[in-house]
Amino acid sequence: MSRATLDETSGPSERRVATDETTTSRARWMARGGVGGLVATVVMTVYRMPTAESLPPTAEFWAQFVAGGDPEDHPLPALVLHLLYGIGGGAAFGALYPAVERRAASDTAREAGGTALGALYGLAMSVFGARVVLGRVLGQDLDGNERLVFHVGHLVYGLTLGSWVASESRLRDLRRE
């Protein structure tokens, strides 16, 4: 029974159960996305650190707004903050992903759709990060090589996140069988 049908034909207690199930499902998707965000941030950081030969921009954020000093003085807080941002971004992606999953006609379509959505999501995060976080909040502009590494790193994040969440949804279905 669809949610609309359930809402139209049921009393308040049945609607509350449907709402609770939807909330629980959303929380599970967000948790799955959060784990995917953690994995994706680790993968992105493993790509980024030797390529850029610097800490993520969270080091600059930490130095400017929390501890002062030089960004290189704060590697641990910078990496922890970077992981937390990645987990939060993954949780937000997890909340968006069910719209793709519902439309997928097969496992292949679900995985391709999730990976494509993840890539677009990673690039959107990259543009937001470069323009708003780096440009407006931190007052920085990336040079050509830094900009390339920044955007490719976020693409790596998005591809990893999208494929993680999409494959996790397939694994969930396999466990039900």
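F128 is found in helix α6, and that helix is a good place to start with this predicted model. Helix α6 covers residues 107-137 and bends by about 35° at G129. Here's a quick tour of the helix, the nonpolar patch it feeds, and a loop residue with an unusual backbone angle.

**Helix α6**
- The bend of about 35° sits at G129, and G129 is also listed among the buried residues of α6.
- Other buried positions in α6 include R110, Y121, S126 and L134.
- Several small residues are buried there too, among them G114, G118, A119 and G122.
- Just after α6, G139 takes a positive phi of about 65°.

**The nonpolar patch**
- F65, V66, F128, V133 and V137 together make a nonpolar surface patch of about 440 Å².
- Two helices, α3 (58-67) and α6, each supply at least two residues of this patch.
- The largest share, three residues, comes from α6.
- F128 is a patch member, and it counts as partly exposed because its relative accessibility is 49%, while exposed would take over 50%.

**The loop before α3**
- E53 lies in the loop between α2 (12-52) and α3.
- Phi of E53 is near 55°, so here's a positive value in a residue other than glycine.
- Most residues other than glycine have a negative phi.
- At 70% relative accessibility, E53 counts as exposed, since the cut-off for that is over 50%.

Note on methods:
Residues are numbered from 1 along each chain as its sequence is written. This is a predicted model: local features need pLDDT of at least 70, side-chain atom pairs count only at pLDDT 80 or more; totals for chains, interfaces and linings use all residues. Side-chain values use heavy atoms; hydrogens and water are left out. The bend at a residue is the angle between axes fitted to the seven residues ending there and the seven starting there. Helices (H or I, at least four residues) and strands (E, at least two) are DSSP runs, numbered from the N terminus. Buried means under 20% relative accessible area, exposed over 50%, partly exposed in between (1.4 Å probe, protein chains only). Patches are made of residues with over 30% relative accessible area and no salt bridge: like charges are joined within 9 Å, nonpolar side chains (Val, Leu, Ile, Met, Phe, Trp, Tyr) within 5 Å. Accessible areas come from the Shrake-Rupley method with a 1.4 Å probe; for residues, only the protein chains shown count as cover. A salt bridge is a side-chain nitrogen of Lys or Arg within 4 Å of a carboxyl oxygen of Asp or Glu.
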